[in-house]
Amino acid sequence: MSLQSELETLATFSDAPAPAVTRVVYSEPDRRARDYLKSLCRNAGLSMREDAVGNIFARRHGSDPTLPAVGTGSHIDAIPNAGAYDGTVGVLGGLEAIRILQRVGMCPRRSIELVIFCAEEPTRFGIGCFGSRLLAGALDASASMQLRDKDGRTLDDWRTAAGFHGDMAQVRLPAGYYSGFVELHIEQGPLLEQAGIPLGIVTAIAAPASLRLWIEGEGGHAGAVLMPQRRDAFCAAAEIVLAEETAAKATGACDTVATAGVCDVFPGAINSIPSRVRLELDVRDIDEARRDSVLAAIDRACAEVAARRGVTVRKETINSDPPAQCDSLVVDALCLAADRRGLGFQKMVSRAYHDSLFMSRIAPTAMLFIPCRGGVSHRPDEYAAPEDIASGAQVLADAIALLADH
Ligand code: HGY
Ligand code: MN
Ligand code: MN
């Protein structure tokens with residue numbers, strides 16, 4: 001079966017009708033996708049393990065098992081109504097890279113390990129990358145047990161129902177576990193396609209932050225309450241969202257981005273004044289201080305709007321992470337590998353976050369991007385061309401071979 005057909009098969013494990021893909025962690029499609037990938041890894045002769053939260057490790061042993069391995073991998077979970085390539089290109093491309101090296105009879109000194117990270121997307125528990133955060137020690141095991149979905153069901157409950165048991169404190173990998181880590185991923189932006197360049201070598205990953213705001217006003221009859229008496233929670237929320245957008249634009253840097261992707265209005269009836277709103281804001285920048293200036297502007301806006309409109313605003317910081325600088329050894333291996341294949345590349349930053357953002361805390365890490373059509377991602381029309389995926393897997397294999405004999 002070809003890499004392309006494996007990607008197409010993987011896309012069928014979904015809670016949404018094709019071409020959309022919805023595959024939330026610990027869902028039935030997630031379980032079926034895991035089983036499918038484990039069968040592919042088994043067929044490739046890899047030895048496997050799963051940790052207490054569901055990260056999967058598939059290893060090809062090197063000639064010197066005492067040496068730290070070279071890691072590669074990505075995620076298979078997909079946000080609602082997403083596409084077939086986000087994450088999966090790095091999982092199946094990583095497996096293909098291992099198979100390429102097997103086919104050419106390369107026996108590396110270092111073992112090579114494919115990692116299928118559990119839950120890169122924030123869909124279920126509101127925080128992204130909880131699998132790689134736990135691996136890197138960026139999320140405390142006991143704190144992770146308190147993560148809850150929007151119905152209050154805990155991560156611990158979900159993971160045990162999905163068949164994952166064991167001590168969460170054992171998930172964390174020891175420092176030095178990998179000598180290097182490389183993630184293949186679609187760019188999720190338009191730059192490579194616009195430049196007609198087949199590969200992007202990532203030198204830094206943006207600093208993501210996400211906030212949850214609860215805004216409480218006073219409900220009432222949409223017809224009977226006069227405007228001066230109103231404390232409309234949704235109007236207050238709208239002003240805060242616009243203040244977030246204004247602050248992001250005001251930095252003058254294209255790398256500062258922000259949005260409000262979640263907005264729950266209560267009671268949600270056309271003729272009832274909103275008494276309560278839950279907002280979730282996402283703010284990012286490659287420069288942490290600039291990102292934090294937007295967070296500070298949001299705080300000021302919350303205080304000003306609350307005072308003027310007579311509402312209360314409660315804030316929870318879901319995450320506020322530093323950016324990652326990729327490692328020059330791994331970046332150079334990717335540049336050399338691309339050069340040897342005669343493939344053009346450009347160095348670039350990643351504005352999307354990835355599991356590599358956390359793997360970079362415990363291993364020298366870099367990423368390899370391939371173009372995606374129109375820069376589209378997190379949509380059913382997300383698409384990467386088979387030849388770009390194949391080039392990505394080949395250069396990934398070559399870079400891993402360099403790192404595995406280093
Ligand atoms: O949101 C992100 O950057 C990633 O796709 N989860
Ligand atoms: Mn994504
Ligand atoms: Mn992704």
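This passage describes the metal sites, two helices, a strand residue with its surroundings, and the cysteines of a predicted model.

The metal sites are considered first. The manganese ion written as ligand 3 is held by three protein donors, namely NE2 of His75, an OD atom of Asp86 and NE2 of His185, which lie 2.0 to 2.3 Å from the ion. Along the chain, these donors follow the spacing H-x10-D-x98-H. Two of the residues come from distant parts of the chain, since Asp86 belongs to the loop between strand E5 (78-82) and helix H3 (88-103), whereas His185 lies in strand E7 (residues 178-186), and 99 residues separate the pair. Both of these residues are shielded in the model: Asp86 counts as buried at 9% relative accessibility, and His185 is likewise buried, with a relative accessible area of 1%.

The manganese ion written as ligand 2 has as its protein donors Asp86 (OD), Glu121 (OE) and His378 (NE2), at 2.1 to 2.2 Å from the ion, and the spacing of these donors along the chain is D-x34-E-x256-H. Here too the chain is brought together from distant parts, for Asp86 in the loop between E5 and H3 is paired with His378 in the loop between strand E17 (365-370) and helix H12 (386-404), 292 residues apart. In contrast to the buried Asp86, His378 is partly exposed, its relative accessible area being 33%. The two sites are joined through Asp86, which bridges the manganese ion (ligand 2) and the manganese ion (ligand 3) across a separation of 3.6 Å.

Helix H3, which bounds the loop that holds Asp86, consists of 16 residues and reaches 22 Å from its first C-alpha to its last, close to the 22 Å expected at 1.5 Å a residue. Of the 16 residues of H3, 14 are buried, so the helix is largely enclosed by the rest of the structure. The residue Gly105, with a positive phi near 75°, follows H3.

Helix H9 (residues 288-309) has 22 residues, and the 31 Å from its first C-alpha to its last is close to the 32 Å expected at 1.5 Å a residue. The buried residues in H9 are Arg291, Val294, Leu295, Ala297, Ile298, Ala301, Cys302, Val305 and Ala306. Because these residues cover an arc of only 165° around the axis, they are placed on the same side of H9. Such a pattern can be read against the geometry of an α-helix, which has 3.6 residues a turn, so that residues three or four places apart point the same way. The cover over the buried residues of H9 includes strand E9 (207-216), helix H8 (233-250), strand E13 (276-285) and strand E14 (312-320). On the face turned away from this buried side, H9 carries the exposed residues Ala289, Arg300 and Ala307. The N-terminal end of H9 is capped by Asp287, a side-chain oxygen of which lies 2.9 Å from the backbone nitrogen of Ala289, while the helix is followed by Gly310, whose phi is positive, near 70°.

Another part of the model involves strand E2 (residues 47-50), in which Met48 is found, and helix H2 (residues 28-43), in which Lys38 is found. Met48 is partly exposed, with a relative accessible area of 29%, whereas Lys38, at 16% relative accessibility, counts as buried. When neighbours within four places in sequence are left aside, Met48 is in contact with Lys38, Cys41, Arg42, Phe57 and Ala58; on the same basis, Lys38 touches Met48, Glu50 and Ile56. The side chains of Lys38 and Glu50 are further joined by a polar contact of 2.9 Å. The C-alpha atoms of Met48 and Arg60, which are 12 residues apart along the chain, are separated by 9.2 Å.

Finally, the cysteines were examined for pairing, with sulfur atoms required to lie within 2.5 Å of each other, and the count comes to 0 disulfides. For Cys263, the closest cysteine sulfur is that of Cys235, which at 11 Å is too far for a bond. The sulfur of Cys326 is also unpaired, because the closest cysteine sulfur, in Cys335, lies 11 Å away, too far for a bond. As to accessibility, Cys263 is partly exposed, with a relative accessible area of 38%, whereas Cys326 is buried, with a relative accessible area of 15%.

How values were computed. Residues are numbered from 1 along each chain as its sequence is written. Chains are lettered from A and ligands numbered from 1 in the order in which they are written. This is a predicted model: local features need pLDDT of at least 70, side-chain atom pairs count only at pLDDT 80 or more; totals for chains, interfaces and linings use all residues. Side-chain values use heavy atoms; hydrogens and water are left out. Buried means under 20% relative accessible area, exposed over 50%, partly exposed in between (1.4 Å probe, protein chains only). Donors are N, O and S atoms within 2.8 Å of the metal (3.2 Å for Na, K and Ca); water is not among the atoms, so sites may look incomplete. Helices (H or I, at least four residues) and strands (E, at least two) are DSSP runs, numbered from the N terminus. The expected span of a helix is 1.5 Å times one less than its number of residues. The arc is that of the directions from the helix axis to the C-beta atoms. Contact means heavy atoms within 4.5 Å. A polar contact is a pair of N or O atoms within 3.5 Å; within protein, one must be able to donate a hydrogen and the other to accept it, and residues adjacent in sequence count only if both atoms are side-chain atoms.
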